[in-house]
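Q: I am new to this structure and would like a close look at a single part of it. Could you walk me through that part slowly and then place it in the chain as a whole?

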Amino acid sequence: MRRYVEAGGHLVVSYFSGIVDENDTIHPGAHPGALRDVLGLSVEEFHPLPENGTVGVAAAGEGGDGDSGDGVEGRTNIRTNIRMNGRIWSERIRLAGARAVGVFTCGPDAGHPAVTRHELGAGTAWYVATALDPAPDPIPDPIPDAALDPASDPIPGAAPGSASVPIPGPAFDPALIPVPGAASASGEDGDLRVLLRAVLDRAGVSRPRGLPDTLERVRRGRHLFLLNHGDRPVTVPEVNGTGLLDGVRHTGSATVPAGGVVVVELAGNT
């Protein structure tokens, strides 16, 4: 994986990964063993969440680069009032070259990195220390400006006995993660999709936008395969060619019926 990333690949790794080898033997050293150098971080604690428990994730602010160096286990400033939701799991991350892109806003790892990005060679390795919610997350009301002071403990602004972190109000930086909760063409845009879209954009992957999850699009050479797993027809833009199953000429788009399949031999240099 290191060679893949260094050569220009883009890798996304989820929580509790890289722990054991193919023989189920735990890798020596800090977690995530086999992926530690690629991801540019180490995991110091695992925190499974209680049933139906959630944690908030907000975009990281200034000071989220490389090793924290603050002596407070990688605690990071927060710069936005827009958040994502995580489920199932959270981890205590210490940065060792990676940049904090998202920060936990509550729970056992509040104030610490939740989503990281590590530039390695010509590529990038991302790490997600929770299970981002696949469902939409409504944008909360703005909260007055506040700063997380990495030199203080407990977390400033939190009520006694609370692990919540105050989320400041500066504008969200879409270069880090696009705005969570923004509706897609289908009206269903979960936090995981938001992050993956950011990864694809940074990787320069071109693809049609606004297609529903139920539409599968695969290209093999000059042949484009469109499979609609949903119960409504879907029109796919930027399709020019001839349908191999029905001979229909597609100019500019192709409509795939509910539960249907369209295979197009693309025209020219499409």
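A: In this predicted model, a good place to begin is the hairpin formed by β12 and β13, where 5 residues lie between the two strands and Gly-247, in the turn, has a positive phi of about 75°. Strand β12 covers residues 234–243 and strand β13 covers residues 249–256, and the two pair in the antiparallel sense over 7 bridges. Within this pairing, Thr-242 stands opposite Arg-249 of β13. Strand β12 also pairs with strand β14, residues 261–266, again in the antiparallel sense, here over 3 bridges. Thr-242 takes part in this second pairing as well, with Glu-265 as its bridge partner in β14.

To place this part in its setting, the chain as a whole has 3 helices and 14 strands. Of its 270 residues, 43% are buried, and the chain exposes about 13400 Å², of which carbon and sulfur atoms supply 52%. Among the contacts between residues at least 6 apart in sequence, 61% join residues that are at least 24 apart.

Elsewhere on the surface, Val-12, Leu-192 and Leu-196 make a nonpolar patch of about 210 Å². Val-12 is found in strand β1, which spans residues 10–14, and Val-12 counts as partly exposed because its relative accessibility is 37%, a value that falls between the limits of 20% for buried and 50% for exposed residues.

Conventions:
Residues are numbered from 1 along each chain as its sequence is written. This is a predicted model: local features need pLDDT of at least 70, side-chain atom pairs count only at pLDDT 80 or more; totals for chains, interfaces and linings use all residues. Side-chain values use heavy atoms; hydrogens and water are left out. Helices (H or I, at least four residues) and strands (E, at least two) are DSSP runs, numbered from the N terminus. Buried means under 20% relative accessible area, exposed over 50%, partly exposed in between (1.4 Å probe, protein chains only). Contact means heavy atoms within 4.5 Å. Accessible areas come from the Shrake-Rupley method with a 1.4 Å probe; for residues, only the protein chains shown count as cover. Two strands pair if DSSP finds at least two bridges between them. Patches are made of residues with over 30% relative accessible area and no salt bridge: like charges are joined within 9 Å, nonpolar side chains (Val, Leu, Ile, Met, Phe, Trp, Tyr) within 5 Å. A salt bridge is a side-chain nitrogen of Lys or Arg within 4 Å of a carboxyl oxygen of Asp or Glu.
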